[in-house]
Amino acid sequence: MDKIVRVNMTDLSAKIEGLPEKYTHLGGRALTSQIVYHEVPPTCNPLGRNNKVVLACGLMAGLNVSSANRLSVGAKSPLTGGIKEANAGGVAAYKMARLGVRSIVVEGLGQGENWYLLLLNKEGASLQPANHLAGLGIYEKANRIKEQFGPKVGMVLIGPGGEQLMLSAGVTNNDPEGVPSRYAARGGLGAVLGSKKLLGIVLDDEGCRTEPPVNKDEFTACLKQYHQVIRETPQTAEIFPKYGTPAMVSNTNAIGGLPTRNFSTGTFEGADKINGEAVYNTITSRGGEGNTSHSCMPGCVIRCSNVYPGPDGKVLVSPLEYETIALVGSNCCIDDLDAIARINYLCNDYGVDTLEIGTALAIAMEAGVLPYGDAVKAVALVEEIGKNSVIGRVLGAGAEAAGKVLGIHKVPVVKGQAMAAYEPRSVKGLGVTYMTSPMGADHTAGNTIRSGLKHHLKDGQVNASLNGQVGAYVMDLLGLCLMVGAAVKDMNLIAGLVSARLGREIKKEDLLAFARESLEIEKAFNRKAGFTEAHDRLPEHFYEEPNPASGCVFDITDEDLKST
Amino acid sequence: MISVKVEVKLPWQLVQAGKVEVPPDSTVEDLLRHSGIDPGEFEHLLLVLNHKAVDLDDKVRDGDHFQVLPLLIGG
């Protein structure tokens with residue numbers, strides 16, 4: 001039976017409840033947002049006692065479905081002030097499913113100076129003292145936890161950034177090799193866990209197994225089709241396994257959509273030094289511990305992740321992904337993959353979001369704190385986050401705060417969150433998603449880059465975004481990776497898997513309805529938190545200054561949004 | 001004839017880069033065929049003319065820069 005684990009950090013209690021009937025068909029983002037909506041006062045202080053951190057696995061977790069073990073983390077965001085969900089690959093969702101836990105809810109507020117870990121195993125849930133881990137970087141924390149609890153445990157962790165309540169702090173978990181760098185990075189959710197004095201969750205699934213699908217034969221038949229489509233689609237069979245997400249650099253650069261020089265343009269002269277081929281060629285030529293194709297979660301057949309080595313063949317960071325390459329690289333005019341990888345590693349170790357930090361770094365460059373393209377000074381500045389210095393804290397507070405402190409007014413954020421790596425004047429559908437998603441500027445909430453539209457024109461972009469937001473939500477509620485969307489275009493196949501898993505008929509239309517209902521709940525939460533239509537805007541300069549690469553301004557109006 | 005700079009970067013076939021000569025009023029679809037690419041693969045392709053995404057029936061002009069890339073999503 002699926003369970004909810006509730007941990008109260010005020011009285012240090014942990015209890016296990018049955019999953020309420022109204023939630024049995026929900027997982028991932030749908031479940032985190034439903035619980036946040038029903039249990040968190042929208043006007044509460046995000047770092048106060050009334051906020052809750054909700055973790056959830058998807059409905060397909062733990063069942064050897066490729067790319068279906070994403071972990072969702074939700075709360076009221078201290079970065080945006082609205083409802084938030086961020087998700088990541090890794091092993092945590094897989095192990096939660098094996099433990100029979102659909103969701104973990106962390107409530108209350110940390111008292112005093114003591115830090116804790118939550119241990120989940122076949123015996124139940126308990127809080128463990130963890131002062132010995134406080135202040136350590138993520139990688140050292142993970143090593144100590146493996147020494148204490150065994151090498152095979154799953155770990156959900158926050159870094160020093162979360163402990164210090166930085167608004168860019170994320171929540172990470174480990175990959176199948178135990179590397180703790182699979183981040184639910186966005187929205188400052190690590191700071192919310194930090195406010196509760198919970199450093200992490202240890203998932204020991206030894207002696208446990210996932211409850212099998214109710215209709216096993218039907219499930220197996222659907223699963224065979226699902227994997228076959230993934231193996232036969234060029235993107236998922238050939239491109240992602242070889243080049244991974246860095247392949248996107250060439251695409252966005254080609255259409256003037258690669259954020260460059262603090263989003264002032266959309267093409268980067270150094271793009272060929274940081275694109276998918278460059279990453280692939282560097283990894284293969286250096287050899288050693290490098291790997292061009294790596295699974296970030298159990299059972300993934302796409303294997304789009306990578307292990308990026310330094311010149312000596314030793315790991316510099318894993319993974320090195322498109323969004324980080326663009327926002328730390330082109331957006332800061334840095335064309336040195338090793339420097340980007342080093343900054344990625346530092347952000348992982350401090351437990352902060354590379355997108356937020358990359359954007360804040362570009363703002364520091366715009367302000368003259370360091371020159372654009374100066375990789376050495378960029379690494380040194382990011383190291384200030386780890387030192388908890390004043391400038392480090394400015395960066396760690398995210399792009400919007402950095403802009404305010406440093407006197408820069410062209411700041412690419414929506415609802416306080418830095419844009420992802422798609423320039424919205426050249427990829428207007430993403431611009432609509434940035435504006436209208438309850439999550440703030442977020443590419444995973446409705447990515448239109450595969451829509452087939454002419455991205456620089458406004459025609460069809462609002463519809464594409466809204467359809468994309470619903471489609472992405474279906475994936476998020478099931479715990480599926482968005483990469484699957486390139487292959488599995490028939491949602492009836494996914495509905496078949498869900499039906500067999502639950503033992504009741506779930507149609508494609510039902511999945512879409514769950515997604516729409518949950519999106520509406522998120523918007524309702526934000527309205528109650530004080531958001532209005534005025535918050536559904538890009539920063540002013542995107543409407544007034546053309547992107548030199550495409551010659552376009554962002555011209556989607558309030559009327560365009562309302563007409564759909 | 002008009003001259004168009006063509007770059008094809010698809011992992012499942014050889015990289016092509018260079019100028020091609022095609023008749024005036026040629027379309028993107030004509031350029032694809034000229035490059036040995038089946039227009040039926042359109043759903044897997046990002047077609048870019050002068051830094052803008054285009055459709056199969058868009059016309060090309062002398063001096064244009066045409067790029068063919070796989071249709072992807074980032075992460």
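These questions and replies concern a predicted model with a chain A and a chain B.

Me: What makes A:Glu269 count as exposed?
Reply: The relative accessible area of A:Glu269 is 75%, and since exposed means over 50%, A:Glu269 is called exposed because 75% lies on that side of the cut-off. The residue is found in the loop between helix 8 (248–254) and helix 9 (271–274) of chain A.

Me: Why is the pair A:Lys454 and B:Asp55 called a salt bridge?
Reply: The closest N and O atoms of A:Lys454 and B:Asp55 are 4.0 Å apart, and the rule asks for a side-chain nitrogen of Lys or Arg within 4 Å of a carboxyl oxygen of Asp or Glu, so the pair is given that name. Across the interface of chain B and chain A, the rule finds three salt bridges.

Me: Which strands of chain B supply at least two residues each of the side that touches chain A?
Reply: They are strand 3 (45–49), strand 4 (52–53) and strand 5 (65–70) of chain B, and the largest share, three residues, comes from strand 5. By class, this side of chain B has 11 nonpolar, five polar and five charged residues.

Me: How many residues of each chain are in contact, and what area is buried between chain B and chain A?
Reply: In the model, 21 residues of chain B are in contact with 37 residues of chain A, where contact means heavy atoms within 4.5 Å. The area buried between the two chains is about 2,500 Å², of which carbon and sulfur atoms give 61%.

Methods. Residues are numbered from 1 along each chain as its sequence is written. Chains are lettered from A and ligands numbered from 1 in the order in which they are written. This is a predicted model: local features need pLDDT of at least 70, side-chain atom pairs count only at pLDDT 80 or more; totals for chains, interfaces and linings use all residues. Side-chain values use heavy atoms; hydrogens and water are left out. Buried area is the accessible area (1.4 Å probe) that two parts lose on being put together, summed over both. Helices (H or I, at least four residues) and strands (E, at least two) are DSSP runs, numbered from the N terminus. Ala, Val, Leu, Ile, Met, Phe, Trp, Tyr, Cys and Pro count as nonpolar, Asp, Glu, Lys and Arg as charged, and the others, Gly among them, as polar. Buried means under 20% relative accessible area, exposed over 50%, partly exposed in between (1.4 Å probe, protein chains only).
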